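The following exercises concern a predicted model. Each task is followed by a solution that proceeds step by step.

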Amino acid sequence: MGCVLGKCCTCNRYTASSESDTAQFCDASPCGSRGKHILTGRSLECVRVPSHNYYMEYSLLTQRGYYPDSPDKGNQDSVCVSTKIRGNPNIHFFGVFDGHGQYGSECSNFVKERVVQILCKDSALSQDPVRAYNAAFFTTNDELHKSKIDDSLSGTTAITVLVVGNMLYVANVGDSRAVIAVKDGNRIIAKDMSNDQTPFRKDECERVKLAGATVMTIDQIEGHKDPGIQIWGDEESQGNDPPRLWLPNSFYPGTAFTRSVGDSTAEKIGVTAIPEISVLQLTQNHLFFLVASDGVFEFLTSQAIVDMAARYTDPRDACAAITGESYKLWLRHENRTDDITIIIVHIKGISDSDAVATAGLNGVHSRHRVIERGASERSAFAGSSEAFRSIRSDFSDASISQHHVGLMHRSTAIVVPSPSQHRPLEVEVG
């Protein structure tokens, strides 16, 4: 269904010796074929987490959207995988950045680079990942405003997962999503590790209203519906005309999200780059996680995507199948598609005995670690009993100098419907 023209960085960020260590592990590990995948054009990537004696197999795919009215529009999604952050073999980063606006591509690429660069420079990253995450997004947003990129009506969402030993730190800004697959008996259950930040959320809607935003759908702005009705149902039933944020008595910016990096005009009415951070401790019931732009979730639920991914032992097959299905559903419902980007990470060899070990990584001794700053900022993910909680923490500006991050490249791959032959993930019961 076309070529992927995504902007990605999947290199190890440090020394040649680190790269050699990764190569030796991948050669020795049960990672399958190291050859190029026929559908995605990528090799199967593999990285070890020695502190807890497990490893991760992962792949990614990014597909430019189909825009018949804008044939020259590029892919505004950016994607990044960075292993061995700060030379530490137990810290790894996975992120998807969904740009929007005239300079969305520039914004997503800028944020992708700077967030990782700042994390790489933070000497306290392993001791306090939450503070480091907050500082990285604060500084990146400030630098984007001061850069040569016009972010007045452009910006990017960001969904990122930082692996620190057996802990996942998920930072979300916007409406992309991170999901983890959990074994529950003979079933595989999808658990959202992030919560979409849109006006459909009552807490987010009230927050931006207090900051001065007018929240209305386009039909309300154009006078087709009563603007006084401030109940919009849910995203599934009203996704074709979602509530948007407007400056008072104005017809812009019209953002359908409540948090982003950039968007300096929308900042005046409450759009913020402060991430919501959730923390999850891995156990043997966690099979894989995925990080994806909202183009993947427009017509597919988290559970549907996890069900598709679970049919494949190779994450490259899963990326191709999900991207192809998302693309097909877009064209079934619309005359265009969004950009579509996904990372899938399989978790291999972790045990519950590893889950209680701290290995001196970050001082986390409790399986249910909860960090909250202020009762008004608390939230929970409905229906989830997993060991993760939402964190919306205040933070102090940190002085972080620039640090060079490795090379980036544009990757291409053919996206086709799911292959006819595949092996599903095996779920052991007992």
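**Exercise 1. The aromatic cluster**

Task: Determine which residues form one aromatic cluster, and establish the geometry of each ring pair in it.

Solution.

Step 1. The search of the whole structure finds four aromatic pairs. For Y58 and F94, the ring centres are 5.4 Å apart and the planes stand at 80°; planes over 60 degrees apart count as edge-to-face, so this pair is edge-to-face.

Step 2. Place this pair in the sequence. Y58 belongs to strand β3 (residues 54-63) and F94 to strand β5, so the contact ties together parts 36 residues apart in sequence.

Step 3. Assess burial, for which the cut-off is under 20% relative accessible area. Y58 has 4% relative accessibility and therefore counts as buried; F94, at 0%, also counts as buried.

Step 4. Turn to the pair of F94 and F289. Their ring centres lie 5.7 Å apart with planes at 80°, so this pair is edge-to-face. Because F94 is in strand β5 and F289 in strand β15 (residues 286-292), the pair ties together parts 195 residues apart in sequence. F289 counts as buried, with 0% relative accessibility.

Step 5. F94 takes part in the pair with Y58 and in the pair with F289. Y58, F94 and F289 thus belong to one aromatic cluster.

**Exercise 2. The surroundings of strand β5**

Task: Are the residues on the two faces of β5 buried or exposed, and which strands pair with β5?

Solution.

Step 1. Count the buried residues: 10 of the 10 residues of β5 are buried.

Step 2. Separate the faces. One side carries I91, F93, G95, F97 and G99, the other H92, F94, V96, D98 and H100, and all are buried.

Step 3. Identify the partners. Strand β4 (residues 77-82) pairs with β5 in the antiparallel sense over six bridges, with S78 having F97 as its bridge partner in β5. β5 and β6 also run antiparallel, joined by 10 bridges; here V96 stands opposite I159 in β6.

Step 4. Examine one side chain of β5. Beyond its neighbours within four places in sequence, F93 contacts residues including C80, I85, V115, L119, Y133 and L162.

**Exercise 3. The largest nonpolar core**

Task: Which members of the largest nonpolar core touch the most other members, and which element gives the largest share?

Solution.

Step 1. The core has 32 residues, and those touching the most other members are F93, L119, Y133, F137, L162 and Y169.

Step 2. Two or more residues each come from β5 (91-100), α2 (104-121), α3 (129-146), β6 (155-164), β7 (167-173) and β14 (276-281).

Step 3. Helix α2 supplies the largest share, with eight residues.

Step 4. A second, separate core comprises 29 residues, among them L290, A309, A321 and L329.

**Exercise 4. Strand β7 and its partners**

Task: Trace the pairing of β7 with β6 and with β14, and describe the covering of its faces.

Solution.

Step 1. β6 and β7 form a hairpin with two residues between them, and G165 in the turn has a positive phi of about 65°. The two strands pair in the antiparallel sense over seven bridges, and T160 stands opposite A171 in β7.

Step 2. β7 is also joined to β14 by six bridges, in an antiparallel arrangement. The bridge partner of Y169 in β14 is V279.

Step 3. Both faces of β7 are covered: M167, Y169, A171 and V173 are buried on one side, as are L168, V170 and N172 on the other.

**Exercise 5. The two sides of helix α4**

Task: Where do the buried residues of α4 fall when seen down the helix axis, and what covers them?

Solution.

Step 1. In α4 (residues 202-210), the buried residues include E204, C205 and V208. Viewed down the axis of α4, its buried residues fall within an arc of 100°, so they line one face of the helix.

Step 2. On the other side of α4, K202 and L210 are exposed.

Step 3. The cover over the buried residues of α4 includes β10 (214-216) and β11 (244-246).

Step 4. After α4 comes G212, with a positive phi near 110°.

**Exercise 6. Charges over rings**

Task: Over which rings do the charged ends of K73 and R177 sit?

Solution.

Step 1. The charged end of K73 lies over the ring of Y67, 4.2 Å from its centre.

Step 2. For R177, the charged end sits over the ring of F297, at 4.3 Å from its centre.

Technical notes: Residues numbered from 1 in each chain as written. Predicted model: local features only at pLDDT ≥ 70, side-chain atom pairs only at ≥ 80, totals over all residues. Heavy atoms only, no water. Core = buried A, V, L, I, M, F, W, Y, C linked by side-chain atoms within 4.5 Å. Buried < 20%, exposed > 50% of the residue type's maximum accessible area, 1.4 Å probe, protein only. Helix = DSSP H or I, 4+ residues; strand = E, 2+ residues; numbered from the N terminus. Contact = heavy atoms within 4.5 Å. Arc of directions from axis to C-beta. Phe/Tyr/Trp six-rings, centres within 6.5 Å; stacked < 30°, edge-to-face > 60°. Lys NZ or Arg CZ within 6 Å of the ring centre and 35° of its normal. Pairing = 2+ DSSP bridges.
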